[in-house]
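Colleague: Before we look at the model, I would like to know how each label in your description was reached. Can you set the values against the definitions as we go?

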Amino acid sequence: MDRQCNDTNRKLVSQQHPHRPIGGALLVLMALAAGCAAIASDGLPQRVWGQPTCAVPVNERRHKDELRQVSIDDESAATAYNQLVSDHADRLEDCRRDTWPQQQAIWLRLYPHDAQPGVLADVLDRVVNRGYNQVYIEVFYEGRVMLPVADNPTVWRSVLEEAVAAGEVDEEYDLWAEAVRQGQARGLDVHGWMFALNFGWAYGELSDRQDVLAVNGEGETSISNAEWDADEVSDGRAFYSDPSELEHLFVDPYNDTARADLVTAVDALLERDPDGMLFDYIRYPTVYLQDTLITEPQQLWIYSPASRQALLEGLESDRERSLMETYIDSGTVTEDDVRDSLADRPDEVLSVEMQHFSVEQQGWADDLTSAELELYQHYFWELATDHAYRGVLEFADEVARPVDERDLAVSTVFFPQGNQSEEGGFDARMQPWDRFAPQFERHPMSYAVCDDGSCVAEQIQEVVNQSPESRVCPILAGTWGQDFGGHLALEDQMSVLQSALPNLDCVSHFVYAWMEPDSDRDRKAGIGVGEARP
């Protein structure tokens with residue numbers, strides 16, 4: 001990997017996205033890209049239409065855009081515009097029904113300026129114009145939630161807070177509800193896209209939430225080694241910065257307060273009647289080098305009070321609990337530790353079975369062999385790592401329950417490598433996506449880079465192989481009509497994927513800002529409603 005080249009790409013992209021790269025995936029994506037991509041000075045690709053399927057013809061796109069702009073102040077134009085929007089919705093439904101893939105989605109961030117007349121409509125029209133029938137909108141990210149300032153029951157600030165303070169948006173304005181309404185009117189399935197275990201920097205500033213934070217064996221949180229000046233990003237200002245993984249604040253999945261806080265947000269967001277929710281960052285942080293596996297208990301994020309208590313309470317005997325405490329505190333179990341664990345409980349049996357070994361110790365362990373001692377090490381390592389995985393799984397089930405109970409689509413977002421293990425070590429993210437509930441859709445971020453796109457199909461095939469009961473909806477990175485960040489144009493990736501996995505019925509594309517860079521830049525800057533484009 002050319003690290004200097006990727007750092008350059010990251011700097012350019014972060015200039016376009018000072019809040020943060022969308023969904024946490026953009027920086028990772030650029031870091032995965034091989035070589036320096038040809039990108040515009042603002043960090044985005046040049047706008048190219050390309051050849052999206054089920055696209056609206058150019059003359060109709062122009063006509064709809066002209067009607068939209070006039071319709072803001074003209075009732076008759078509004079009637080004509082709404083009729084054309086409805087016609088395009090019907091046509092989109094018909095086309096996608098007969099075109100692979102039947103569900104094609106795009107990832108989208110909204111801005112406060114989208115509350116201005118005609119702006120949100122312009123964005124959603126552009127989504128439909130490119131043949132998408134689903135849109136995934138960020139609703140909880142970097143410690144902010146897409147709820148009205150006047151109706152926000154969560155512990156997080158609203159995305160619109162500063163805009164309301166500046167008098168640009170009414171405190172009761174509900175951008176998320178409006179996006180759902182306008183999107184569904186255009187034939188779009190509108191899904192909320194939200195972070196899960198990444199609660200945002202500002203959450204760590206809450207004095208009554210300190211025990212909620214994930215902690216490793218060194219007593220560190222995921223932001224202990226952050227590069228930011230805390231004074232410069234305090235009081236919600238971190239939302240407008242460009243966080244690296246070191247600035248992402250992760251919480252303990254076993255903590256009841258963490259679960260309740262996020263469920264409150266999920267419940268409130270669901271009141272706007274979306275078609276489903278996608279959960280991102282259902283994992284631990286990657287504060288260790290990407291090429292380094294987790295191999296020691298102190299590297300696990302299981303040391304906060306709730307997680308530690310759950311780990312020990314899940315064991316069967318006092319002796320086992322005593323040895324586990326020794327193991328996670330020191331990182332090892334010695335022969336003396338095994339012997340000492342019997343000092344106050346000489347009649348208690350510790351039975352350990354794993355793989356090809358079996359140990360049953362009662363009384364003093366004077367004759368403990370090296371193989372048996374190694375078994376103890378493996379046994380407690382297995383218990384500790386399984387505990388870390390189980391926390392992620394239980395958290396996912398808990399926060400997704402309100403969505404599941406409404407019979408809406410629940411989706412999990414992950415990197416395919418997040419569940420990898422090798423020679424007793426584990427990927428730092430420890431993301432057991434292959435063990436997520438089978439009714440949850442699996443959305444792998446399939447961002448592999450190779451000349452012919454076959455590596456992307458191979459990543460997705462592996463996820464399909466491990467998901468016999470689950471719907472798999474891969475995420476492709478790039479844009480139409482041009483290569484970007486080392487990734488082939490979407491046309492080329494889609495062609496490879498259709499040939500390799502024709503039974504897939506859903507694919508999504510990351511990201512709107514790369515396809516409509518002018519729209520994203522202008523809306524972010526708080527200007528314009530967009531003009532008609534070819």
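Modeller: Start with handedness: a crossing is left-handed if the near helix is turned anticlockwise from the far one by less than a right angle, and right-handed if it is turned clockwise. This is a predicted model, where local features need pLDDT of at least 70 and side-chain atom pairs count only at pLDDT 80 or more, while totals for chains, interfaces and linings use all residues. Residues are numbered from 1 along each chain as its sequence is written, and side-chain values use heavy atoms, without hydrogens or water.

Colleague: Which hand does the crossing of α5 and α7 have?

Modeller: The crossing of α5 and α7 is right-handed, so the near helix is turned clockwise from the far one. The names α5 and α7 come from DSSP runs numbered from the N terminus (helices are H or I of at least four residues, strands E of at least two). By that count the chain has 17 helices and 14 strands.

Colleague: What makes α5 and α7 oblique to each other?

Modeller: Helix α5 (residues 119-129) packs on helix α7 (residues 175-185) at about 45°, with the axes 10 Å apart. Axes are lines fitted to C-alpha atoms over the stretch in contact, and angles between N-to-C directions run from 0 to 180 degrees. Under 35 degrees is roughly parallel, over 145 roughly antiparallel, 65 to 115 roughly perpendicular, and the rest oblique. The pair α5 and α7 is therefore oblique.

Colleague: Which residues of α5 and α7 meet?

Modeller: L120, A121 and L124 of α5 meet L175, E178, A179, Q182 and G183 of α7, where contact means heavy atoms within 4.5 Å. These contact residues comprise five nonpolar, two polar and one charged. The classes are Ala, Val, Leu, Ile, Met, Phe, Trp, Tyr, Cys and Pro as nonpolar, Asp, Glu, Lys and Arg as charged, and the others, Gly among them, as polar.

Colleague: What makes α5 mostly covered?

Modeller: Eleven of the eleven residues of α5 are buried, that is, under 20% relative accessible area (exposed is over 50%, partly exposed in between, with a 1.4 Å probe and protein chains only). The buried set includes D122, D125, R126 and N129. The buried residues of α5 pack against α3 (58-71), α4 (75-97), β1, α7, α16 (512-515) and α17 (517-525).

Colleague: Why does Y111 count as buried?

Modeller: Y111 lies in the loop between β1 (103-108) and α5, and its relative accessibility of 3% makes it buried. Its C-alpha is 8.2 Å from that of L160, 49 residues apart along the chain.

Colleague: And G131: buried or exposed?

Modeller: G131 is buried, as its relative accessible area is 0%. G131 sits in the loop between α5 and β2 (134-141) and, just after α5, takes a positive phi of about 85°. Leaving out residues up to four places away in sequence, G131 touches T53, C54, A55, L92, R96 and Q104. The C-alpha atoms of G131 and T53 are 5.8 Å apart, with their positions 78 residues apart in sequence.

Colleague: Why are α3 and α4 oblique to each other?

Modeller: The axes of α3 and α4 come within 8 Å and cross at roughly 140°. That angle is not over the antiparallel limit and lies above the perpendicular range, and α3 and α4 are therefore oblique. The crossing of α3 and α4 is left-handed.

Colleague: How is α11 placed relative to α13?

Modeller: The axes of helix α11 (residues 318-330) and α13 come within 10 Å and cross at roughly 85°. That makes α11 roughly perpendicular to α13. R319, E320, L323, M324 and Y327 of α11 touch α13 residues including Y376, F380 and W381. The contact residues divide into nine nonpolar, one polar and two charged.

Colleague: Which members of the largest nonpolar core touch the most other members?

Modeller: They are M194, L262, F279 and L497, out of 120 residues in this core. A nonpolar core is a set of buried Ala, Val, Leu, Ile, Met, Phe, Trp, Tyr and Cys residues joined through side-chain atoms within 4.5 Å. Helix α13 (residues 370-405) supplies the largest share of this core, 14 residues. A second, separate core of 17 residues includes L44, A105, F415 and A513.
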